[in-house]
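Visitor: I should like a close look at one residue and at the setting in which the chain places that residue. Please take the model apart region by region and keep to what the coordinates support.

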Amino acid sequence: MSLRLGDIAPDFEANTTKGQIKFHEWLGDSWGLLFSHPADFTPVCTTELGKTALLKGEFEKRNVKVLAVSVDDLDSHNRWIPDINEVSDTEVNFPIIADEGRKVALLYDMIHPNASEKATVRSVFVIGPDKKIKLTLTYPASTGRNFNEILRVIDSLQLTANYSVATPADWKEGEDVIVVPAVSTEDAQKKFTKGLKIVKPYLRYTPQPNK
């Protein structure tokens, strides 16, 4: 059965390029980004892991720990990492799970037989400090992910977890947000002191409250 939003992210132990980890213990009180790759030494994956390494500061700023997984072994990962470093002029600074037994891939439903019987699809899971799944994304093997979009979604998830707001289409950090319908307009006017813009009774904007 596939995992759904709000489910507890399955715990596991795995060998990685940064040593053995127990997933939930490794996450601690941080947010987590778990994402899979079809295979080592493939062109799109090389660019994706390089981009992730280059965004290290952005993930750290958001208290997000990054963890990659593919169904290749540790030796393969370690031989591949220098290529990633060279291509993107960076240093891979996050663990890559050696999942040759497909334990993690199967636990997180990363093998889609109609797409590929052997390789994992490009799955993305964002996991909160409560160990619950907050976001799932699935890309085909041929399409590289947009990591700026992943960061944008994390910004929205972290903001909306702490305030009674939602984010509109194409929202970016610093832009106006939407007051959730559960808050009455009267209460919203008291709660959101930066102002309220009422477009419809159910569509009310306010400046981002934590800015």
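Visitor: Is K131 buried or exposed, and what is its relative accessible area?

Guide: K131 is buried: the model, which is a predicted one, gives this residue a relative accessible area of 15%. Because the cut-off for a buried residue is under 20%, a value of 15% places K131 in that class. The residue sits in a loop, with β6 (122-127) before it and β7 (133-139) after it. Its backbone also deserves attention, since phi of K131 is near 70 degrees, a positive value in a residue other than glycine.

A second backbone of this kind is found at N63. This residue, again not a glycine, has a positive phi of about 60 degrees. N63 belongs to the loop that runs between α3 (56-61) and β4 (64-70). In accessibility N63 falls into another class from K131: at 40% it is partly exposed, whereas K131 is buried at 15%.

The wider setting is a chain of 211 residues, of which 45% are buried. Its secondary structure comprises 7 helices and 11 strands. Taken along the principal axes, the C-alpha atoms fill a box of roughly 60 × 40 × 35 Å. About 10,800 Å² of the chain is exposed, and carbon and sulfur atoms account for 49% of that area. Of the contacts between residues at least 6 apart in sequence, 63% link residues at least 24 apart.

Two further buried positions extend the picture towards the start of the chain. I21, part of strand β2 (residues 19-22), is buried with a relative accessible area of 8%. Beyond its neighbours within four places in sequence, I21 makes contact with F12, E13, A14, T16, W26 and L67. Measured out by C-alpha atoms, I21 lies 35 Å from S164, a residue 143 places away in sequence. H37 follows in the loop from β3 (31-36) to α2 (43-54). With a relative accessibility of 1%, H37 is buried, and its side chain forms a polar contact of 3.5 Å with the side chain of E48.

N93 offers a partly exposed counterpart in another loop. It lies between α4 (74-88) and β5 (96-98), and its relative accessible area of 29% makes it partly exposed. The side chain of N93 has two polar partners in the backbone: the oxygen of A53 at 3.3 Å and the oxygen of E91, which lies 3.0 Å from a polar atom of that side chain. If residues up to four places away in sequence are set aside, N93 touches K18, A53 and K56; A53 is thus a contact as well as a polar partner through its backbone oxygen. K211 stands 118 residues from N93 along the chain, and 30 Å separates their C-alpha atoms.

At the other end of the sequence, Q208 occupies the segment after β11 (203-206). Q208 is buried, at a relative accessible area of 2%. A polar atom of its side chain comes to 2.6 Å from the backbone nitrogen of G174. G174 is also one of its contacts beyond four places in sequence, a list that further holds L159, W171, E173, E175, D176, V177 and K194.

Q208 leads in turn to the largest pocket, whose lining is formed by K61, R62, D155, Q158, L159, N162, E173, Q208 and N210. L159 and E173 therefore appear twice in this account, as lining residues and as contacts of the buried Q208. The volume of the pocket is about 150 Å³. Helix α6 (residues 147-162) supplies the largest share of the lining, 4 residues. Sorted by class, the lining consists of 4 charged, 4 polar and 1 nonpolar residues.

To return to the residue in question, K131 combines a buried position, at 15%, with a positive phi near 70 degrees in the loop between β6 and β7.

Definitions and conventions
Residues are numbered from 1 along each chain as its sequence is written. This is a predicted model: local features need pLDDT of at least 70, side-chain atom pairs count only at pLDDT 80 or more; totals for chains, interfaces and linings use all residues. Side-chain values use heavy atoms; hydrogens and water are left out. Helices (H or I, at least four residues) and strands (E, at least two) are DSSP runs, numbered from the N terminus. Buried means under 20% relative accessible area, exposed over 50%, partly exposed in between (1.4 Å probe, protein chains only). A polar contact is a pair of N or O atoms within 3.5 Å; within protein, one must be able to donate a hydrogen and the other to accept it, and residues adjacent in sequence count only if both atoms are side-chain atoms. On a 1 Å grid over the protein atoms alone, a cavity is a set of points where a 1.4 Å probe fits but cannot get out, and a pocket is an open set with protein on both sides within 12 Å along at least five of seven lines; lining residues have an atom within 4 Å of a point. Grid points are joined across faces, edges and corners, and a volume is the space filled by probe spheres set on the points. Ala, Val, Leu, Ile, Met, Phe, Trp, Tyr, Cys and Pro count as nonpolar, Asp, Glu, Lys and Arg as charged, and the others, Gly among them, as polar. Contact means heavy atoms within 4.5 Å. Accessible areas come from the Shrake-Rupley method with a 1.4 Å probe; for residues, only the protein chains shown count as cover.
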